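Trainee: I've just opened this one and could use a tour. Can we go through it together?
Mentor: Sure, pull it up and ask away.

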Amino acid sequence: MAEEMTKEQQEAMDKAFARSMPEGLRKVSNEYSNVKKVIAVMSGKGGVGKSLVTSLMAVNASKKGLKTAILDADITGPSIPKSFGVHQKAMGVEYGIVPVDTKTGIKLMSINLLVDNENDPVIWRGPVIAGAVGQFWTDVMWGDVDVMFVDMPPGTGDVPLTVFQTLPVDGIIVVTSPQELVEMIVSKAVKMANVMNVPVLGLVENMSYFECPDCGKKHEIYGKSRVDEIASAYGIGLTAKIPIDPILSETVDKGNIEDINKNYLEGFFDEIM
């Protein structure tokens, strides 16, 4: 069995990887796009609520009066359109692809807005998926956008690498949950961001607790929260906790995320922006 690498060996490997990255891969956006800020939302594993955080951040931005967009880079698991109740297809015109607007004016682009049947699986190899994500940046006519949120697929594979290389990402938000393996998950995402020289803006713990509607007591169903401890260990200065809330889940499932009145990320959002 191979021995585990020391911290010094891992740092040396990260630096070597960074030096070997091809330069000049950043792509120019569509000529009809003017995106001022790009924030990627990522996680080390699936099922932690990354798309939920992306959607909530976008709704916050829109309610603050910012021109907002979401680029759904999770090609094989696109859930952003469903959260917003969007089912119409994006249109192609002479100069590019026109994104679909939600009912409050958030611009969306997702593979589900292009395929004939949104329930059909996307069975593509990694390079093809990464290429599609690049085209969402180069071929979509985003117009004037104050902030774009990129919903990344879980992990640190082809698509996150493509996003970091080709889009002008200003920072990332890492999403996690309160399980013991969370530190390893966060570590992978943070180390990839460091290698790509992208700052980690904050850490969000989803399903952090359940608040009893009768007595108001908070119950940590999935274990004691470690988000602040882990954030401190990796030098992340900003954290947020999203509770288990059946009303939130039901609202998202119905495609009405823009109708949510409770602001779970208000302070966090203000600090990020």
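Trainee: How much space lies in the second largest pocket?
Mentor: About 340 Å³. Keep in mind that this is a predicted model.

Trainee: OK. And how do people find where empty space is left?
Mentor: They roll a probe the size of a water molecule over the atoms, and that shows where empty space is left.

Trainee: Which residues lie nearest the centre of that second largest pocket?
Mentor: Leu52, Asn206, Ser249, Val252 and Asp253 lie nearest its centre, out of 18 residues that line the second largest pocket.

Trainee: Which elements give two or more residues to that lining?
Mentor: Helix α2 (50-63), α3 (80-83) and α8 (246-253) do. Of the elements, α8 gives the most to the lining, with four residues.

Trainee: How do the residues of that lining divide into nonpolar, polar and charged?
Mentor: Eight of the lining residues are nonpolar, seven are polar and three are charged.

Trainee: Changing topic. What does the secondary structure of the whole chain come to?
Mentor: The chain has nine helices and 14 strands. It has 273 residues, and buried ones make up 49% of them.

Trainee: What about contacts along the chain? How much comes from residues 24 or more positions apart?
Mentor: If you take the contacts with a separation of 6 or more, residues 24 or more positions apart account for 79% of them.

Trainee: Let's pick a helix. Why is α5 largely enclosed by the rest of the structure?
Mentor: Helix α5 covers residues 158-166, and seven of its nine residues are buried, so the rest of the structure largely encloses α5.

Trainee: Which ones in α5 are buried?
Mentor: Val159, Pro160, Thr162, Val163, Phe164, Gln165 and Thr166.

Trainee: At what angle do α4 and α5 pack?
Mentor: Helix α4 (residues 126-138) and α5 pack at an angle of about 35 degrees, and their axes are 9 Å apart. Their crossing is right-handed.

Trainee: Which residues meet there?
Mentor: From α4 you have Gly126, Pro127, Ile129, Ala130, Val133 and Trp137, and they meet Asp158, Val159, Thr162, Val163 and Thr166 from α5. The residues of that contact divide into seven nonpolar, three polar and one charged.

Trainee: Now a strand. Where is Met148, and is it buried or exposed?
Mentor: Met148 is in strand β9, residues 147-151. Its relative accessibility is 0%, so Met148 counts as buried.

Trainee: What does Met148 touch, leaving out residues up to four places away in sequence?
Mentor: Val35, Lys37, Val38, Ile39, Ala69, Leu71, Trp137 and Trp142. Trp137 also turns up on the α4 side of the contact with α5.

Trainee: How many residues apart in sequence are Met148 and Lys107?
Mentor: They are 41 residues apart in sequence, and 8.9 Å apart in space, C-alpha to C-alpha.

Trainee: And Met91, buried or exposed?
Mentor: Met91 is exposed, with a relative accessible area of 54%. Met91 lies in strand β4, residues 91-93. Apart from neighbours within four places in sequence, Met91 is in contact with Gly96, Ile97 and Val98.

Trainee: How far apart in space are Met91 and Leu114?
Mentor: They are 8.3 Å apart, C-alpha to C-alpha, with their positions 23 residues apart in sequence.

Trainee: Let's look at loops. Where is Lys103 found?
Mentor: Lys103 is in the loop between β6 (100-101) and β7 (107-109). At 53% relative accessibility, Lys103 counts as exposed.

Trainee: What is Lys103 in contact with, leaving aside neighbours within four places in sequence?
Mentor: Asn256, Glu258 and Asp259. Also, the C-alpha atoms of Lys103 and Gly85 are separated by 8.9 Å, with the two residues 18 apart along the chain.

Trainee: Last topic: phi. What sign does it have in most residues other than glycine?
Mentor: Most residues other than glycine have a negative phi. Asn197 is not a glycine, yet it has a positive phi of about 60 degrees.

Trainee: Where is Asn197 found?
Mentor: In the loop between α6 (182-195) and β11 (200-205). Asn197 is exposed, with a relative accessible area of 70%.

Trainee: And what is the phi of Met207?
Mentor: It's positive, about 55 degrees, although Met207 is not a glycine. Met207 is found in the loop between β11 and β12 (210-211). With a relative accessible area of 21%, Met207 is partly exposed.

Note on methods. Residues numbered from 1 in each chain as written. Predicted model: local features only at pLDDT ≥ 70, side-chain atom pairs only at ≥ 80, totals over all residues. Heavy atoms only, no water. Buried < 20%, exposed > 50% of the residue type's maximum accessible area, 1.4 Å probe, protein only. 1 Å grid on protein atoms, 1.4 Å probe; cavity = no way out; pocket = protein on both sides within 12 Å on 5 of 7 lines; lining within 4 Å. Points joined across faces, edges and corners; volume = space filled by probe spheres on them. Nonpolar A, V, L, I, M, F, W, Y, C, P; charged D, E, K, R; others polar. Axes fitted to C-alpha atoms, helices over the stretch in contact; angles between N-to-C directions. Left-handed = near helix turned anticlockwise from the far one by under 90°. Contact = heavy atoms within 4.5 Å.
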